[in-house]
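Trainee: I should like to study the empty spaces and the helix packing in this structure. May we begin with the terms that are needed?

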Amino acid sequence: MALSLYVDTARWRAHQKSVIDSFPGLVPVCKGNGYGFGHERLSEEASRFGSDMLAVGTTYEAARIKDWFSGDLLVLTPFRRGEEPVPLPDRVVRSVSSVDGVHALVGARVVIECMSSMKRHGVSEQDLAQLTGAIDDVRLEGFALHLPLDRTDGSDAVEEVIAWMDRLRAARLPLHTMFVSHLRAEDLARLQQQFPQTRFRARIGTRLWLGDHDSTEYRGSVLDVTRVSKGDRFGYRQQKAASDGWLVVVAGGTSHGVGLEAPKALHGVMPRAKGVARAGLATVNRNLSPFVWAGKQRWFAEPPHMQVSILFVPSDAQEPRVGDELVAHLRHTTTQFDRLVDRQG
């Protein structure tokens with residue numbers, strides 16, 4: 001009995017292929033919890049479709065993934081002086097976002113991040129003159145631009161990349177490779193046409209692994225079902241049942257990420273109104289679970305436990321049975337499954 005991730009493998013891989021075909025030279029990203037699939041599985045997938053490089057989030061992830069992926073590993077978190085040293089093979093490429101970082105990595109393979117409109121990290125235009133001499137002491141794999149997802153000011157992502165290409169060229173820095181994030185396929189093609197001597201490599205994670213929502217599905221197994229009547233007390237806090245129904249114990253709790261949700265950016269009146277409504281219900285201990293039974297998302301009977309959740313299913317619905325599986329609407333990047341099941345067709 002488990003929280004399971006079911007994967008329609010043929011469909012999932014067909015989507016991967018469509019993304020790879022649209023972005024020549026793509027660098028797959030495997031960071032965090034491996035987008036819900038795990039580092040080992042995504043390493044296997046990247047090897048299967050012949051990627052020469054895999055991007056990871058941290059040096060600690062690189063230390064684990066090096067045993068599963070034999071190509072180059074690009075660490076996306078920039079190097080900082082004083083960071084804890086992690087033993088890594090020569091095929092690991094470090095991101096650097098400062099001139100000081102370049103000076104500190106003598107002999108290393110590096111990708112230099114440029115400061116984009118994300119304003120997160122990167123070298124500035126004023127740093128470029130100092131970089132000219134500093135890169136002689138490292139093995140430069142290229143430059144990189146991490147771009148925003150939304151451009152609410154109407155600006156053009158391609159123009160932002162072009163502006164940086166012009167700056168780098170004016171500083172007489174090598175432009176053999178540019179790593180980019182959050183560009184459309186047509187944007188990449190436009191850049192490649194304008195700069196034929198530069199290899200543009202898109203670093204893609206979410207679109208590659210999670211772009212076809214219908215190829216994956218989480219399900220939690222029903223472990224126990226207990227009939228309750230209105231007014232019956234139950235659970236750790238001995239709350240009263242609001243009506244007749246069933247307490248349904250289902251696999252999937254806080255250790256799996258159930259009930260733990262990353263903040264979301266809300267746009268528009270309706271999403272904000274729904275957020276306010278959910279917050280109001282939570283103040284009276286009414287929290288909607290991610291589990292679906294008989295076509296409806298069901299309420300938590302009480303806050304989820306570490307390994308399981310307890311749901312309340314009213315008596316006007318079909319009674320769940322032990323062994324049934326409930327579909328769960330969970331966010332891949334915050335969920336840890338018990339088992340992954342490949343389905344062929």
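Mentor: A cavity is a set of grid points where a 1.4 Å probe fits but cannot get out. Please keep in mind that the model is predicted.

Trainee: What volume does the largest cavity have?

Mentor: The search of the whole structure used a lower limit of 30 Å³ and found one cavity. Its lining includes Cys114, Met115 and His146. The volume of the largest cavity is about 60 Å³.

Trainee: How many nonpolar, polar and charged residues line the largest cavity?

Mentor: The lining consists of Glu113, Cys114, Met115, Ser116, Met118, Lys119, Arg120, His121 and His146. Cys and Met count as nonpolar, whereas Glu, Lys and Arg count as charged. The division is three nonpolar, three polar and three charged residues.

Trainee: Which strand gives the most to the lining of the second largest pocket?

Mentor: This pocket holds about 680 Å³ of space. Among its 25 lining residues, those closest to the centre are Lys31, Tyr35, His146, His182 and Thr206. Strand S8, strand S9 and helix H8 each supply at least two lining residues. With three residues, the one that gives the most is S9.

Trainee: Are helices H6 and H7 roughly parallel or roughly antiparallel?

Mentor: Helix H6 (residues 157–170) packs against helix H7 (residues 185–194) at an angle of about 30 degrees, and their axes are 10 Å apart. Angles under 35 degrees count as roughly parallel. Therefore, the arrangement of H6 and H7 is roughly parallel.

Key:
Residues numbered from 1 in each chain as written. Predicted model: local features only at pLDDT ≥ 70, side-chain atom pairs only at ≥ 80, totals over all residues. Heavy atoms only, no water. Axes fitted to C-alpha atoms, helices over the stretch in contact; angles between N-to-C directions. Helix = DSSP H or I, 4+ residues; strand = E, 2+ residues; numbered from the N terminus. Parallel < 35°, antiparallel > 145°, perpendicular 65-115°, else oblique. 1 Å grid on protein atoms, 1.4 Å probe; cavity = no way out; pocket = protein on both sides within 12 Å on 5 of 7 lines; lining within 4 Å. Points joined across faces, edges and corners; volume = space filled by probe spheres on them.
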